[in-house]
Amino acid sequence: MTARILDGKAISQQIQQELALEVVRLREQTGVTPKLVAVLTGDDPASQVYVRNKERACQRVGMQGVVHRLPAETSQAELLALVGKLNADAAVHGILVQLPLPRGLDATPILDGIDPAKDVDCFHPQNVGLLAQGRPRFLPCTPHGVQQILFRSGLPTAGKRVVIVGRSDIVGKPLALLLAARTSPFGPEYANATVTLAHSRTPELAEVTRGAEIVVAAAGQPELVTGEMLTPGATVIDVGVNRVGDKLVGDVEFASASRVAGAITPVPGGVGPLTIAMLLGNTLTAARLAAGL
Ligand code: NAD
């Protein structure tokens with residue numbers, strides 16, 4: 001079997017075209033242009049690329065994207081003060097603090113300091129709580145991106161066994177909440193999965209993944225999931241982005257997995273492009289909510 005390749009880049013472009021129309025509609029209705037502010041502290045090269053990509057993506061859909069670049073020596077108090085200023089600025093709809101922060105800075109109080117109504121990464125405990133209760137304000141970007149790929153590829157999750165490898169607060173855990181929920185923005189067919197959350201202490205991982213119709217790899221371990229660990233025809237979503245030498249590889253061994261899977265996302269060009277599109281979507285949501293819509 002040769003798996004169908006799920007083209008995240010094309011899906012992301014489609015979503016961004018839709019968002020661009022929504023941005024025009026919002027401006028016509030309210031005069032408001034959604035504005036996302038990213039705070040980049042220090043000079044981590046990968047973070048610089050991520051932030052630049054987010055800024056450009058904003059411009060592509062007609063939103064304002066602004067980056068505050070702070071030196072690595074910035075203090076906790078200075079960073080908190082900037083977040084406070086952005087919270088108070090009514091022209092700012094979305095705030096994101098790019099992680100990781102330089103050594104010496106504690107991310108938790110900074111992220112908790114973001115106004116939950118501007119928390120477009122969906123990291124604030126209030127937004128995570130709303131998500132857990134099935135009444136989300138924002139959807140977490142990467143998990144929502146995974147759901148978008150499944151939806152736009154016609155791969156429903158209801159009644160399916162889904163194994164998510166990785167239990168991080170950013171990917172695995174919120175994705176488990178989304179897929180096990182009673183419904184989703186795409187209807188109940190794209191929720192209602194029977195979800196297993198596997199992690200570094202899960203024994204016999206291959207046994208677990210072989211029991212799944214959908215496997216999502218989000219462990220940050222290059223090529224952890226191989227073809228042998230899959231049931232024939234499974235859908236494989238690879239969230240991992242790992243730099244190995246000068247190559248980017250996922251958490252799935254693509255060559256072996258794509259011979260067994262029914263559908264698979266590539267790395268790059270799979271989940272990554274969706275994460276940015278979902279961030280833009282949350283910024284639009286924040287601007288709409290701020291306008292009372
Ligand atoms: P993390 O390091 O916070 O969490 C990794 C999780 O994987 C942990 O829960 C751990 O228990 C589990 N794990 C580690 N080794 C394992 C093993 N051998 N077997 C089973 N489980 C194992 O990582 P994260 O932030 O969730 O990111 C995961 C991957 O996804 C990384 O490669 C990251 O770069 C990538 N990522 C991509 C996007 C995107 O937009 N494409 C967004 C976020 C993260």
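V163 stands opposite T196, a residue of strand 6. The two strands involved are strand 5 (residues 161-165) and strand 6, which pair in the parallel sense over 5 bridges. The model is predicted. It holds a ligand with 20 residues around it, an open sheet of 6 strands and an open sheet of 3 strands.

**The sheet of 6 strands**

- The strand order is 1-11-8-7-5-6, and the pairing is parallel.
- Strand 1 (4-5) and strand 6 (194-198) are the edge strands, and each pairs on one side only.
- Helix 7 (residues 172-180) packs on this sheet. Helix 7 touches strand 5, strand 6 and strand 7 (214-217). The direction of helix 7 makes about 170° with that of strand 6.
- The loop between helix 7 and strand 6 contains N192. N192 is not a glycine, yet its phi is positive, at about 55°.

**The sheet of 3 strands**

- Here the order is 3-2-4, again with parallel pairing.
- Strand 3 (64-70) and strand 4 (94-97) stand at the edges. Each has a single partner strand, so one side of each is left without a neighbour in the sheet.
- From one strand to the next, the twist averages 15°.
- Strand 2 (residues 35-41) pairs with strand 3 in the parallel sense, over 7 bridges. Within strand 3, V67 is the residue opposite A38.
- Helix 3 (residues 76-88) lies across strand 2, strand 3 and strand 4. Helix 3 runs at about 175° to strand 2.
- In both sheets the strands named as partners are joined in one way: strands of a sheet pair through backbone hydrogen bonds, either parallel or antiparallel.

**The ligand and its surroundings**

- Which residues are closest to the ligand? They are R167, S168, H199, V241 and T275, out of 20 that surround the ligand.
- By class, the shell has 8 nonpolar, 11 polar and 1 charged residues.
- T275 offers a polar side-chain atom that lies 2.7 Å from an oxygen atom of the ligand.
- S200 uses its backbone: an N or O atom there lies 3.1 Å from an oxygen atom of the ligand.
- N242 uses its side chain, where an N or O atom is 3.4 Å from an oxygen atom of the ligand.
- How much of the ligand's accessible area does the protein cover? On its own the ligand has 860 Å² of accessible area, and the protein covers 70% of it.

**Cis peptide bonds**

- L99 and P100 are joined by a cis peptide bond, with omega at about 0°. P100 belongs to the loop between strand 4 and helix 4 (107-112).
- Another cis bond runs from V267 to P268, with omega near -5°. P268 sits in the loop between strand 11 (263-264) and helix 10 (272-290).

Methods: Residues are numbered from 1 along each chain as its sequence is written. This is a predicted model: local features need pLDDT of at least 70, side-chain atom pairs count only at pLDDT 80 or more; totals for chains, interfaces and linings use all residues. Side-chain values use heavy atoms; hydrogens and water are left out. A residue is near a molecule or strand if one of its heavy atoms lies within 4 Å of it. A polar contact is a pair of N or O atoms within 3.5 Å; within protein, one must be able to donate a hydrogen and the other to accept it, and residues adjacent in sequence count only if both atoms are side-chain atoms. Accessible areas come from the Shrake-Rupley method with a 1.4 Å probe; for residues, only the protein chains shown count as cover. Ala, Val, Leu, Ile, Met, Phe, Trp, Tyr, Cys and Pro count as nonpolar, Asp, Glu, Lys and Arg as charged, and the others, Gly among them, as polar. Two strands pair if DSSP finds at least two bridges between them. Helices (H or I, at least four residues) and strands (E, at least two) are DSSP runs, numbered from the N terminus. Axes are lines fitted to C-alpha atoms, for helices over the stretch in contact, and angles run from 0 to 180 degrees between N-to-C directions. Contact means heavy atoms within 4.5 Å.
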